[in-house]
Amino acid sequence: MDMEGQNYITVGLPLARVDARGKVTGETRFATDLSMPGMLWGAFKLAGVVHARIKAIDTTKAKALKGVQAVLTAADIPGVNQVGPIIKDQPILASDKVRHVGDVVALVAAQTPDIAYQALELIQVDYEELPPILTPQDGLLEEAPLLHADKPGNICLRMKLRRGDIVEGFRQADQEIEDTFTTSRQEHCYLEPMAGIAFPEGVGSLAIYGSLQCPFYVQKAASDILGLPLNRVRVVQTPTGGGFGGKEDTPSEIYVRLALLARATGRPVKLLLSRREDILTTSKRHPMKIKIRLGATAQGKLTAAQVAVVADCGAYATISPPVLFRATAHAVGPYRIPNVHVDTTGVYTNHPPSGAYRGFGQPQMAVAMEGALDHLAQRLNMDPLDLRLTNVLTPGDCTCTGAVLENCQDLKQTIEVAAKSAGWRQKYRKVPQLHKRYLRGMGMAVIHYGNSLGAKGWHLDAAGALVQVHADGSISVGVGNIDMGQGANTVLTQIAAEAFGVSPTNVNILEVDTTRVPDSGPTVASRTTTLSGNAILDAAAKIKSTLAAVAAEHLSTPVVQVRFEHDQVLGAAGRSISFQKLAQLAYEQNIHLAAQGWWVAPYSSFDENGQGNAYYEYSYATHIAEVTVDVVTGVVRVDKVTAAHAIGRVINPVAAEGQVQGGIVQGLGYALTEDLRDYTGYIQGNSFATYILPTCLEAPQIEVHFVENPSVHGPFGAKSLGEPALIPAPAAVINAVSNAISWRMHALPVSAESIKLTLDAAARDTVRL
Amino acid sequence: MCKINITITVNNVVYHEQVPVTMTLLDFLRERLGLTGTKAVCREGECGACTVILNGQAVNSCLILVAQAHGSQVLTIEGLTGTRGDHPIQQAFIDAGAVQCGYCTPGMIMASKALLDQYPQPTEEQIRQALSGNICRCTGYTKIIAAVEQAAKMLTEERS
């Protein structure tokens with residue numbers, strides 16, 4: 001698939017986003033902008049309690065309210081009342097128990113939003129409240145109640161990684177450090193709330209239009225819960241206003257509940273879900289407690305790493321298994337460490353389920369590993385940059401899972417490029433600054449990122465494309481992965497245009513509809529450019545071969561000499577025909593100009609000791625953050641972030657840069673201000689007024705560099721970017737803050753209050769009367 | 001449900017409507033007039049996605065009762081695209097790569113218009129202050145600020 005050495009028509013160029021115009025004029029119709037005749041509003045009755053047994057649900061008053069068309073509970077589910085992409089432990093409607101404050105116990109379909117909300121109030125649920133499990137540590141206690149009867153100790157899953165001899169590794173160390181980091185529960189806050197419409201289609205079929213990342217997950221869940229075969233369920237992704245993983249697992253519950261209402265009423269049902277309800281009921285980033293112990297020689301060579309991770313999985317497993325797989329596989333970062341132990345435990349608690357969130361376990365692990373490295377650097381009296389340069393993986397080295405990285409010179413290059421650009425050597429200081437109000441600090445983080453689903457997700461890791469060249473030479477492309485703002489449609493347009501040698505304006509990416517291509521897996525794991533892109537190239541190659549044969553005859557040229565360039569098809573002796581005319585010619589000869597493409601991710605392995613290549617390809621990144629801390633208020637201002645990303649080949653530089661800028665600011669929010677304040681199981685941070693997101697006043701100056709080193713797998717050599725854009729940022733910011741105040745911060749969010757408390761405690765410790 | 005008669009001009013079109021007293025300007029625009037470009041995100045004035053220009057001022061339409069806007073002039077994102085094509089601010093957002101998922105975009109553009117109407121050559125600080133009420137989760141804001149600077153240049157050139 002690599003077209004090295006050619007001048008590209010559009011790959012590598014900053015093509016304006018193909019969907020931008022509709023968005024700047026307001027013409028683009030998102031799910032909530034849609035309306036259908038006879039449409040009802042579907043609303044959810046949330047539990048409102050943290051942990052309780054359901055003794056009775058009385059829906060009679062709600063059903064009797066004028067304008068209410070249906071009120072459903074678990075008893076009304078025709079198929080199975082269980083969802084879960086891997087572990088099916090989540091009822092779509094709670095039947096015997098509610099396990100978190102946003103658990104759903106009943107559904108209402110009504111003629112207006114007001115009537116729907118009134119009906120929700122009239123549903124009476126008789127709860128017997130149970131003692132809640134609010135932390136994994138509480139869940140692991142012997143006397144803790146079981147959240148799931150078949151999960152002793154409330155353990156959702158366990159994973160381990162064993163490499164080398166850990167005892168020997170620490171014996172060889174001259175210095176050793178140990179730190180414990182705790183990370184918080186982050187909410188996605190996609191600007192567009194969950195939105196969708198479900199409606200009966202034809203006779204006996206059902207359609208769901210929604211703001212979602214994984215149409216095939218929703219299709220499967222609808223099939224299971226409604227008891228319909230897959231060929232009777234059609235799912236369409238509407239233009240989606242942000243996802244970040246928040247629309248990966250949750251839509252399978254949210255929109256399938258609408259489908260239940262549509263089936264019960266025979267009418268279209270549109271989602272009614274406020275922002276507050278969205279925050280209460282949808283999945284979140286896994287909070288983790290990470291204990292990390294590192295050992296190194298006096299020269300700074302890492303000899304051993306031991307990591308224990310306890311992750312809060314919330315009330316249901318959802319996507320915890322692959323999150324904890326990714327966290328485990330990347331636990332100790334892109335460094336050469338011969339002896340590594342990682343133990344990961346996921347525990348159920350009475351909080352909203354922990355699911356998919358951009359980075360998928362890696363931001364947490366980076367906070368711990370990169371923070372521990374800075375601590376170790378301090379102990380060794382080494383510059384943190386030098387400690388990383390000493391240990392970073394170079395070609396031929398292997399990761400802690402034993403994945404040999406033959407081609408990873410771009411990893412070290414990201415460190416060198418970022419450090420040089422940020423002026424690390426000139427600016428970094430490790431001497432504590434005293435008697436100043438504003439303290440400045442610098443911090444870095446280096447990561448590797450396994451592309452796509454990895455060993456544990458290979459059974460889902462394929463994608464299809466449907467490409468059709470029309471009689472007028474215009475090209476339709478259907479794929480199974482979606483654009484949620486990350487720019488997929490634009491990049492896929494460029495890939496298709498490049499393949500046919502035509503201008504990108506000739507290409508139209510169709511809306512994603514499960515009837516167009518076979519199950520292409522989820523739009524997650526930063527996999528779309530590679531999976532859908534390669535599928536497009538596969539289909540395009542078939543059609544080009546057909547077109548080349550037609551051109552060869554028409555241009556009296558051997559078929560191997562036919563070239564597709566700049567909307568023309570060129571033959572021998574200067575003969576040519578426009579792409580459009582060639583298509584027309586082919587149609588007149590009844591030649592078939594459509595093809596299905598398919599690409600399967602290379603197989604990867606990960607055994608019970610966490611050994612194997614884990615992923616078929618890796619991206620790399622280094623972020624360097626510069627901050628100023630106001631010791632009077634504790635407020636952190638992130639002044640600048642310098643980012644260097646190795647993503648193989650950049651298909652669209654402006655779009656790629658935009659991804660990095662957005663990832664950094666989202667990471668900054670996670671590190672400093674975002675706090676759901678959910679200690680009691682009730683979420684206090686349930687609105688934008690109380691859950692503090694970065695505004696443009698907080699946005700730092702961001703400098704982005706790309707290091708190119710084409711991959712043999714991705715289209716034109718591309719590698720993943722979407723998640724690496726965020727992963728190193730929180731770690732870099734926290735390391736910068738710790739450097740500024742000369743105290744290591746261990747708990748997210750590193751809020752103004754926590755900095756003040758730390759500084760005040762430090763001041764007290766140093767004053768002796 | 002108490003209803004009230006209002007007259008309101010939206011995008012230069014005069015409307016005489018009977019509305020529930022509790023109806024917000026946001027819901028009036030979206031549900032009654034079908035102008036779905038203005039977005040509902042938080043419904044509590046925290047995110048700016050519902051920004052429209054009311055009598056020359058950028059406001060959160062989720063916090064205005066439509067009855068309060070009786071006799072007023074409202075400009076929404078749909079009113080910005082004229083017969084000549086896209087407004088320079090809209091073009092600048094496209095050119096600068098300032099659009100990702102697009103959900104904050106109409107609000108951002110309206111807030112930018114209100115700024116540039118008052119300060120045709122704003123400093124970066126003024127731009128940040130003017131947009132500080134508009135949340136974006138995708139872009140990290142850098143290209144949005146660049147787009148507003150570019151639009152300011154384009155509009156200044158147009159005038160001269």
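**Exercise 1.** In this predicted model, find which residue of chain A meets the side chain of B:R137 in a salt bridge, and place that pair within the interface.

*Solution.* Start with the distance: a side-chain nitrogen of Lys or Arg must lie within 4 Å of a carboxyl oxygen of Asp or Glu. The side chain of B:R137 satisfies this with that of A:E674, at 2.8 Å from N to O. Next, take the total: 5 salt bridges are counted between chain B and chain A. Polar contacts between the two chains come to 21 residue pairs, counting those with both residues at pLDDT 80 or more. Then sort the side of chain B that touches chain A by class: 21 residues are nonpolar, 14 polar and 9 charged.

**Exercise 2.** Determine how much area is buried between chain B and chain A, and which three residues of chain B supply the most of that chain's share.

*Solution.* Count the residues in contact: 44 from chain B and 50 from chain A. The area buried between the chains is about 3,700 Å², with carbon and sulfur atoms giving 58%. Of the area that chain B buries against chain A, 22% comes from B:Q100, B:Y103 and B:R137, more than from any other three residues.

**Exercise 3.** Decide how the buried residues of α16 in chain A are arranged around the helix axis.

*Solution.* Helix α16 spans residues 579–588 of chain A, and its buried residues include A:F579, A:L582, A:A583, A:L585 and A:A586. Viewed down the axis of α16(A), the buried residues fall within an arc of 160 degrees, so they line one face. On the face turned away from the buried side are the exposed residues A:K581 and A:E588. Finally, look just past α16(A): A:N590 has a positive phi of about 60 degrees.

How values were computed
Residues are numbered from 1 along each chain as its sequence is written. Chains are lettered from A and ligands numbered from 1 in the order in which they are written. This is a predicted model: local features need pLDDT of at least 70, side-chain atom pairs count only at pLDDT 80 or more; totals for chains, interfaces and linings use all residues. Side-chain values use heavy atoms; hydrogens and water are left out. Contact means heavy atoms within 4.5 Å. Buried area is the accessible area (1.4 Å probe) that two parts lose on being put together, summed over both. A polar contact is a pair of N or O atoms within 3.5 Å; within protein, one must be able to donate a hydrogen and the other to accept it, and residues adjacent in sequence count only if both atoms are side-chain atoms. Ala, Val, Leu, Ile, Met, Phe, Trp, Tyr, Cys and Pro count as nonpolar, Asp, Glu, Lys and Arg as charged, and the others, Gly among them, as polar. Buried means under 20% relative accessible area, exposed over 50%, partly exposed in between (1.4 Å probe, protein chains only). Helices (H or I, at least four residues) and strands (E, at least two) are DSSP runs, numbered from the N terminus. The arc is that of the directions from the helix axis to the C-beta atoms.
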